[in-house]
Amino acid sequence: MTYQAHFKVWRGDKDGGRLVDYEVEVNEGEVVLDIIHRLQATAAPDLAVRWNCKAGKCGSCSAEVNGRPRLMCMTRMSVFDQAEIVTVTPMRAFPVVRDLVTDVSYNYATARAIPAFVPPPGLKPSEYRMRQEDVDRVQEFRKCIECFLCQNTCHVVRDHEENKAVFAGPRFLMRVAELDMHPLDAAAEAGIDRKRAAQEQHGLGYCNITKCCTEVCPEHIKITDNALIPLKERVVDRSYDPLVWLGDKIRRR
Ligand code: SF4
Ligand code: F3S
Ligand code: FES
C-alpha cells in the first residue's frame with residue numbers, strides 16, 4: 001500500500017537552519033531512512049545524511065524522529081499514523097555539520113581518554129578460564145554499535161554543553177565499567193586506577209541514574225543497570241574500604 005506522507009526535515013548548517021516541508025511517497029515495509037533516500041532522489045538531492053549498513057549495525061544513521069533519538073534505518077514508517085507529520089532532525093547534543101549530519105568527535109576524543117585493556121603479564125593462552133558471567137557481561141557491552149544515541153540523550157550533556165569537558169557519557173562510562181569488571185585487566189599493576197578515573201576524570205558522579213540512555217539503546221544494552229550502577233557501587237566500595245582509605249591518605253602526604 002502506497003501513500004503520501006508529510007515530512008519535516010531540518011535543513012541547515014552550523015550557522016542555523018529550519019524545518020523544510022516535503023510531501024513524499026511511502027511504500028509498504030519502508031523505514032524512515034528509505035524516505036530520506038527518496039527525498040535525496042527527488043525533491044532534495046543535496047540533503048546530507050550519514051548512513052552505511054541500513055541494517056542497524058553500523059550506528060551511522062542516528063537522528064531524532066518526532067523528537068525521539070532513533071536509528072533511521074530501524075524506524076519503520078508503520079509506527080506512524082499515515083496522517084501524522086514525521087519530523088526528522090539531527091541529534092541535538094552534537095554540533096551540526098549539515099542537515100542531518102552531526103559532528104560526533106566529542107565521542108572519539110572521550111574514547112581516546114580511556115586507557116585500553118591491560119593484559120596480565122606472563123599469562124599464557126589457556127591458563128585462565130573465564131567464568132560464564134564475565135563472558136556474558138563483556139558480550140553484552142560489546143554489542144554497542146557506537147550510534148551515540150545514548151550520549152545524545154543523556155541530559156547531563158544534552159542540556160549542558162559545558163559538561164562535555166567533565167563527563168564521558170553513558171557509552172564510555174560503560175567502557176570503563178567493562179574494563180574495571182574484567183577479571184584479567186591488569187590496569188592497577190600498570191598504575192592505572194580506573195575507579196578513581198571514573199569518578200574524577202570521567203564524571204561518573206554526574207549520572208543520576210535517569211536511565212534515558214538505556215531506553216534509547218537500539219542494542220537493548222542495560223547500560224544503567226549492568227554498567228553504571230555496578231560501577232558506582234565499585235567506586236563507593238573502594239572509598240569505604242579502610243585499607244584503600246589509609247593508602248590514599250599516606251600517598252597524599
Ligand atoms: Fe548506541 Fe547503545 Fe552503544 Fe549507546 S550503548 S552508543 S545507544 S549501541
Ligand atoms: Fe545519563 Fe544514563 Fe546516567 S541517561 S544520567 S548516563 S543513567
Ligand atoms: Fe547502519 Fe542505520 S545505516 S545503523
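Begin by selecting helix H6, residues 170–180, where 11 of the 11 residues are buried, so that the helix is largely enclosed by the rest of the structure. Keep in mind throughout the tour that this is a predicted model. If you colour the buried residues of H6, you will pick out Pro170, Arg171, Phe172, Leu173, Met174, Arg175, Val176, Ala177, Glu178, Leu179 and Asp180.

**From the helix to the core**

Stay on H6 and centre the view on Leu173, which, leaving aside its neighbours within four places in sequence, is in contact with Ala168, Ala198, His202, Leu204, Cys207, Ala227, Leu228 and Leu231. Leu173 is also one of the residues with the most contacts inside the largest nonpolar core, a set of 51 residues in which Ile36, Met72, Val88, Ile223, Ala227 and Leu231 are the others named for their contacts. Several elements give two or more residues to this core, among them strand E1 (3–13), helix H1 (32–41), strand E5 (85–89) and helix H4 (149–153), while H6 gives the most, with six residues. In soluble globular proteins, nonpolar side chains tend to be buried together.

**The strands around Val88**

Next select E5, and compare its two faces: Val86 and Val88 make up the covered face, whereas Ile85, Thr87 and Thr89 make up the uncovered one. In a regular strand the side chains alternate between the two faces of the sheet.

Now add E1 to the selection, and you will see that E1 and E5 run parallel and are joined by four bridges, with Val9 having Val88 as its bridge partner in E5. Then add strand E3, residues 62–65, which pairs with E5 in the antiparallel sense over two bridges. Val88 appears here again, as the bridge partner of Val65.

From E3, move on to strand E4, residues 68–71, and follow the antiparallel pairing of these two strands over four bridges, where the partner of Glu64 in E4 is Pro69. Two residues lie between the strands of this hairpin, and Asn66 takes a positive phi near 50° there.

**Three places in the loops**

For a contrast in surroundings, select Ala55, which you will find in the loop between H1 and E3. Ala55 counts as exposed because it has 9 other C-beta atoms within 10 Å. If you draw a distance from the C-alpha of Ala55 to the C-alpha of Met74, the viewer should show 7.2 Å, although the two residues are 19 apart in sequence.

The next stop is Asp99, in the loop between strand E6 (96–98) and strand E7 (101–102). Is Asp99 buried or exposed? Asp99 is buried, because 24 other C-beta atoms lie within 10 Å of its own. Look at its backbone as well, since Asp99 has a positive phi of about 50° although it is not a glycine.

Then go to Glu146, in the loop between helix H3 (132–141) and H4, where you will meet another residue other than glycine with a positive phi, near 55° in this case. Glu146 is partly exposed, with 16 other C-beta atoms within 10 Å.

**The two ligands**

Select ligand 1, and show the 14 residues around it, of which Cys144, Cys147, Leu149, Cys150 and Cys217 come nearest. What classes of residue make up the shell around ligand 1? The shell divides into 11 nonpolar residues, no polar ones and three charged ones.

Now turn to ligand 2, which has 13 residues around it, with Cys154, Pro170, Cys207, Cys212 and Cys213 coming nearest. Helix H8 (212–216) and helix H9 (223–240) are the elements that give two or more residues to this shell, and by class the shell has eight nonpolar, four polar and one charged residues. Two of these nearest residues take you back to the opening stops, for Pro170 is among the buried residues of H6 and Cys207 is among the contacts of Leu173.

**Stepping back**

Finally, clear the selection and view the whole protein, whose secondary structure comes to 10 helices and seven strands. Its C-alpha atoms fill a box of roughly 70 × 40 × 25 Å, taken along the principal axes. Buried residues make up 31% of the 253 residues. Among contacts between residues at least 6 apart in sequence, 62% join residues at least 24 apart.

Definitions and conventions:
Residues are numbered from 1 along each chain as its sequence is written. Chains are lettered from A and ligands numbered from 1 in the order in which they are written. This is a predicted model: local features need pLDDT of at least 70, side-chain atom pairs count only at pLDDT 80 or more; totals for chains, interfaces and linings use all residues. A residue is near a molecule or strand if its C-beta atom, placed from the backbone, lies within 6 Å of it. Ala, Val, Leu, Ile, Met, Phe, Trp, Tyr, Cys and Pro count as nonpolar, Asp, Glu, Lys and Arg as charged, and the others, Gly among them, as polar. A nonpolar core is a set of buried Ala, Val, Leu, Ile, Met, Phe, Trp, Tyr and Cys residues joined through C-beta atoms within 7 Å. A residue is buried if 20 or more other C-beta atoms lie within 10 Å of its own, exposed if 12 or fewer, and partly exposed in between; C-beta atoms are placed from the backbone. Two residues are in contact if their C-beta atoms, placed from the backbone, lie within 7 Å. Two strands pair if DSSP finds at least two bridges between them.
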